[in-house]
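These are my notes from going through one model, strand by strand and then outward. I wrote each entry as I looked the item up.

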Amino acid sequence: MVAATSRNVAVVGSAQTQLKSAWSDRQHVDLISEAVARALLGTGLRIEDVDFVIDSGSDFLDGRSISNCGFLGAMGAHHKEESRVEEDGLWSALYGATKIASGSASVGLIVAYSKSSESDPDNYWTSLAEPFTQRPVGLDQNSVAGLFAQRYLTRFGVPASALRAVTQKAWAAADGNTFVDATLEMLEDEYWSQEIASPLRRSDMARPVDGAVAVLLASKDVARQIGGSPVWVTGMGSAIDQHFIAARDGATLPAAAAAAAAAYRMAGASGASDFDIVEVSAGSTAGELMVLEALGLAEPGKAIELYADGASPGLNPSGGALPADVVMASGLVRLHEVAAQLGGRSDHAPQGARRGLAHASGGLGMQNHCVITLETS
Amino acid sequence: MTNIAIVGTGQTAHSRRRLDVSQAGLAREAVVEALADAGLTMADIDSVVVASGPAMFGAVNQPEKWLVDALGARFKPVVRVTSGGGTGLAGALAAMNQIKGGVAKRVLVVAYDKLSEGALQASISTLYDPFWGREFAVGIMGFSAAYWRARMDRLGHTEEAAAMVAVKNRHNSMLNPKAHVKKEVTVEEVLASKPLCWPIKVLDVPPISDGACAVILAAEGDAEAITTTPAWIRGMAYYSEADNAAHRSMLQSEPLKIAAAKVYRAAGVTNPRRQFDVAEVQEPYTCFELSYYEGLGLCPEGGAADLIASGATQMTGDIPVNPSGGCMGANPIGATALIRLAEAAMQVTGKAGAYQIPGAELGLVQAGGGWANLRGVAVVGSTKD
């Protein structure tokens with residue numbers, strides 16, 4: 001029988017740069033090395049102790065082929081095993097956790113970053129579309145999010161005006177998160193009124209930001225040597241939907257449900273209610289509701305109820321991806337957030353939290369999903 | 001530790017331009033063949049790893065998402081691992097870890113590139129730092145030529161020795177039904193061919209191809225139930241080297257040596273020249289194959305020219321290298337590393353047909369990418385240990 005990943009791998013350190021719309025005075029390597037250096041702090045581990053590096057970034061966003069090659073030094077990967085997973089960094093974490101669970105390595109560094117201010121994030125999204133039938137008709141992340149939001153709101157009878165509560169909760173949480181450069185004052189009238197893809201407005205869309213995040217994974221033995229309160233990986237799952245928009249349901253995210261089911265099975269969890277913290281990544285407000293329903297936090301069409309005042313202290317305590325979407329790193333930021341909140345390293349953790357869930361999405365209309373669950377001893 | 005085996009392999013018909021299929025169709029063609037080879041269907045596959053070259057090569061961002069429909073992979077885990085030219089091996093390594101780490105039992109790895117659809121050397125040029133390097137970078141050929149020139153003086157990697165690599169690999173390609181370049185050349189023709197970036201000449205360079213390769217991996221126990229001829233992966237590693245720092249000589253590849261040492265230790269290889277029956281290496285230019293002979297320990301440092309001249313790496317020699325023809329027969333960059341792995345697996349399971357090395361039991365695989373700073377090594381065998 002193969003090794004079980006569950007509770008054999010721990011997050012022993014993690015850190016992120018501040019996330020902001022443009023780090024114009026810093027290069028990629030500066031952001032990456034800051035996250036990596038700070039992830040090692042307090043663990044007693046040095047970069048020499050790291051066996052391997054798995055990283056996520058985008059050649060298209062970086063404007064650079066095999067862009068990991070340019071950042072190997074900053075990532076501390078020199079003379080180490082290294083691979084680029086060109087998905088959100090949460091998939092890199094999944095890879096890293098399997099490598100440690102397999103017994104092939106003891107300490108792995110997971111790095112993800114994006115610097116979309118140096119690029120055109122709209123082109124990044126448009127170039128994801130298959131080039132023959134979807135790209136020529138102008139499908140992009142906005143139009144797909146709008147189509148799916150329309151279908152969701154119509155099917156479940158949710159008014160578009162209700163989405164305002166999702167934005168408000170996310171931005172209020174981000175306002176209290178020192179690692180996100182977002183304030184409620186940024187939400188001026190134009191932000192609420194600018195139409196992007198009906199029924200979605202600017203305020204419904206995830207805001208692309210610059211930033212980097214690093215997560216240090218270790219085997220059970222190394223985690224015990226470090227001491228403190230390791231945060232264990234208990235479950236992992238990922239699943240992808242079909243690419244062609246017309247083949248998808250639009251109002252539900254069955255791939256997210258499949259990813260969550262796999263993670264719950266591995267973690268021995270009965271469902272989403274087992275988790276005190278849930279950090280999700282979504283491209284739009286309506287998309288966030290669909291993610292929460294796919295994870296099982298609410299019945300289909302009912303996730304908006306989670307946004308009533310004070311109803312869900314454990315839902316995206318960081319603010320989630322809407323105020324700060326690090327494109328290739330939003331999911332790994334969620335993992336860092338859950339680990340920091342469970343490990344007593346965060347100033348915005350809900351009280352008494354022991355179990356948490358991190359979610360990532362990728363692709364046009366959130367085609368791909370990854371879920372990792374964590375627990376403190 | 002769980003042993004992992006290759007239980008099925010498949011390759012497309014490679015060609016300069018596959019106008020009859022899209023990227024998704026190309027990948028599907030290799031997957032259909034691999035599934036048939038293993039006697040499995042997509043319903044038997046738990047997870048898919050897509051490995052392809054830099055996304056700009058094919059001008060589609062994160063192309064694995066497009067491939068899902070054609071592969072029948074809906075609701076399965078699908079992830080893309082990309083690591084330059086060696087990405088196929090990096091993808092296989094990710095798949096091995098998925099199985100050993102307990103998140104999947106059977107993993108399909110599919111690697112491809114459709115180089116007819118992008119601007120290859122222009123895309124490669126963007127590899128260089130936008131502030132320091134890109135303004136004088138010309139694809140991947142410039143620095144490769146510079147390093148070969150240095151190896152000429154220090155290691156005796158002459159133009160004649162490299163020409164012999166071209167002659168050997170193009171000769172071997174004649175027997176490989178999947179190879180699309182079928183033209184024998186002589187040492188004189190290689191030496192007289194047009195310099196592209198001296199000492200690299202046209203006939204030192206492999207073709208640019210459209211093609212895909214698929215490999216199915218399974219764990220011990222399951223693997224023997226799937227096939228009577230599993231090819232056991234006895235070791236695999238993929239190492240990196242940061243930056244083109246001035247203090248590095250590049251005469252020998254450091255990540256290649258580190259990867260080889262690790263994999264040889266895992267596989268119990270102490271005398272590679274004697275123990276390996278066959279090797280498949282990824283030679284983006286002829287000069288690299290010479291360099292790999294030394295980095296992989298098939299000969300001492302500075303011994304590569306003598307090794308090729310001795311005929312030892314010919315199909316009939318004691319350590320045949322690239323009986324498939326290597327990249328000279330077909331070079332769909334993102335797929336070439338996985339093709340090397342598949343070819344070595346075919347050799348140790350007696351499935352290599354006209355270019356089978358009789359009795360081959362232990363095979364060596366080398367792959368790499370980036371600016372020659374990403375290097376992978378694997379060992380496959382007909383037995384588990």
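Which residue stands opposite Val231(A) in β8(A)? I looked it up and found Val11(A). I note here that the model is predicted.

**Entry 1: β8(A)**

I followed the strand that holds Val231(A), β8(A). Strand β1 of chain A, residues 9-16, runs antiparallel to β8(A), and two bridges join them. I then looked for pairing with β11(A) and found that β8(A) and β11(A) are antiparallel and joined by nine bridges. One position I checked there is Ile240(A), which has Asn368(A) of β11(A) opposite. For burial, I got ten out of ten residues of β8(A), so I put the strand down as mostly covered, taking 20 or more other C-beta atoms within 10 Å as buried.

**Entry 2: β10(A)**

I went on to β10(A), which is joined to β11(A), residues 368-376, by eight bridges in the antiparallel sense. I checked Ser361(A) and found His369(A) as its bridge partner in β11(A). The hairpin of β10(A) and β11(A) has five residues between the strands, and I noted a positive phi near 90 degrees at Gly363(A).

I also looked at β9(A), which pairs with β10(A) in the parallel sense over three bridges. There, Val278(A) has Leu357(A) of β10(A) as its bridge partner.

Is β10(A) buried on one face or on both faces? I found both faces covered. Arg355(A), Leu357(A), His359(A) and Ser361(A) are buried on one side, and Gly356(A), Ala358(A), Ala360(A) and Gly362(A) are buried on the other. I recorded the count as eight of eight residues. For the two lists I kept in mind that side chains in a regular strand alternate between the two faces of the sheet.

**Entry 3: α10(A)**

I looked up what packs against the buried residues of α10(A), and β9(A) and β10(A) are among the elements that do. The others I noted are α5, α6, β6 and α9 of chain A. The helix covers residues 285-295, and eleven of its eleven residues are buried. The buried residues include Glu288(A) and Glu293(A), along with Leu289(A), Met290(A), Val291(A) and Leu292(A). Just after the helix, I found Gly296(A) with a positive phi of about 95 degrees.

**Entry 4: the core**

I asked for the largest nonpolar core and got 275 residues. The residues with the most contacts inside this core are Ala214(A) and Ile372(A), with Val109(B), Val110(B), Val215(B) and Leu338(B). Helix α14 of chain B, residues 333-348, gives the largest share of this core, eleven residues.

I took Ile372(A) further and listed what it touches, leaving out residues up to four places away in sequence. The list is Leu90(A), Ala93(A), Leu94(A), Val233(A), Met236(A), Ala263(A), Leu335(A) and Ala358(A).

**Entry 5: the contact of the chains**

How many residues does each chain bring to the contact? I found 55 from chain A and 54 from chain B. On the side of chain A that touches chain B, α2, β3, α3, β8 and α9 each supply at least two residues. The largest share of that side is from α3(A), with six residues. By type, I split the side of chain A into 25 nonpolar, 19 polar and eleven charged residues.

I then looked at strand pairing across the chains. β3(A) pairs with strand β3 of chain B, residues 78-82, antiparallel over two bridges. Val85(A) has Val81(B) of β3(B) opposite.

Key
Residues are numbered from 1 along each chain as its sequence is written. Chains are lettered from A and ligands numbered from 1 in the order in which they are written. This is a predicted model: local features need pLDDT of at least 70, side-chain atom pairs count only at pLDDT 80 or more; totals for chains, interfaces and linings use all residues. A nonpolar core is a set of buried Ala, Val, Leu, Ile, Met, Phe, Trp, Tyr and Cys residues joined through C-beta atoms within 7 Å. A residue is buried if 20 or more other C-beta atoms lie within 10 Å of its own, exposed if 12 or fewer, and partly exposed in between; C-beta atoms are placed from the backbone. Helices (H or I, at least four residues) and strands (E, at least two) are DSSP runs, numbered from the N terminus. Two residues are in contact if their C-beta atoms, placed from the backbone, lie within 7 Å. Ala, Val, Leu, Ile, Met, Phe, Trp, Tyr, Cys and Pro count as nonpolar, Asp, Glu, Lys and Arg as charged, and the others, Gly among them, as polar. Two strands pair if DSSP finds at least two bridges between them.
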